[in-house]
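Please look at how aromatic side chains are arranged in the structure shown here, and then follow the account below through their partners and surroundings.

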Amino acid sequence: ILQYFRKKTLENPSFFYSVQLDNEEQITNTIWVDAQMIKDYGQFGDVETFDTTYKLNSAHRPFVSFVGFNHHRETIIFGATLMYDETADSFIWIFRRFLEAVSSKAPKIIFTDQDAAMANFIPIVMPNTFHRLCTWHLMQNALRHANSIFKDKKVRDKEMKSVLSKFMYDIEDEDDFTLKWEEMLDKYEVRDNHWLKLTYGVKEKWG
């Protein structure tokens, strides 16, 4: 991989890559942003998502991508990284290198999953960027952590999606949101559900 990166740098000086080493000079995190990615980010980088759930290798090291949309609503890649772990230190290093690659232009909005480490590091590295939670990831987490509130296994996923979608897309008034959330907790007797408590606590990032 490093040989490839060095070759690409010789071919195009705009190609950016960076490698983080540990105390034993072993590679931990790696990031690369090619010339086209830099150009695309300059035009469409106001909003991006940072996806750590796409792919894991055999050692459970995540392949992470910086993703956005162009003016045709096509998915475009702004950068990619192989992470050693999903700690705040790794996230901070990766985002500082990414900002270095794109001339310190931070996105206006970034979407992530519910990873607590990411929620903590984003204000440190990008204090003027709004952090929001990706609704797709929220739905997947709901199916794992909250669909047991429905007794019938056959309807669990469908019902969970229906309940959460209402709060994501249909309710615009804040007071109405709070009222209907309380009604939902009572209806399904889930006031003790830990995931629902945590998710409601960050409702400003997704509701």
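**Rings, charges and a buried methionine**

In this predicted model, K105 lies over the face of Y41, at 5.5 Å from the ring centre. Y41 also belongs to an aromatic cluster, which it forms together with F50, F66, F78, F91, F95, F98 and F121. A further charge placed over a ring is that of R73, which lies over the face of F69 at 5.0 Å from the ring centre.

Turning to contacts between rings, the count comes to 22 aromatic pairs when ring centres have to lie within 6.5 Å. One of these is formed by W32 and F63, whose ring centres are 6.2 Å apart and whose planes make an angle of 40°, so that the pair is classed as tilted, neither under 30 degrees nor over 60. Because W32 lies in strand 2 (residues 27-33) and F63 in strand 4 (residues 62-69), the pair ties together parts that are 31 residues apart in sequence. As for their surroundings, W32 has a relative accessibility of 17% and counts as buried, whereas F63, at 25%, counts as partly exposed.

Elsewhere in the chain, M184 is found in helix 7, which spans residues 174-188. M184 has a relative accessible area of 7%, and it is therefore buried, the limit being under 20%. Leaving aside residues up to four places away in sequence, M184 touches V163, F167 and V190. The C-alpha atom of M184 is separated by 10.0 Å from that of L164, a residue 20 positions away along the chain.

Key:
Residues are numbered from 1 along each chain as its sequence is written. This is a predicted model: local features need pLDDT of at least 70, side-chain atom pairs count only at pLDDT 80 or more; totals for chains, interfaces and linings use all residues. Side-chain values use heavy atoms; hydrogens and water are left out. Rings of Phe, Tyr and Trp (its six-membered ring) pair if their centres lie within 6.5 Å; planes under 30 degrees apart count as stacked, over 60 as edge-to-face and the rest as tilted. Helices (H or I, at least four residues) and strands (E, at least two) are DSSP runs, numbered from the N terminus. Buried means under 20% relative accessible area, exposed over 50%, partly exposed in between (1.4 Å probe, protein chains only). A charge sits over a ring if NZ of Lys or CZ of Arg is within 6 Å of the ring centre and within 35 degrees of the ring normal. Contact means heavy atoms within 4.5 Å.
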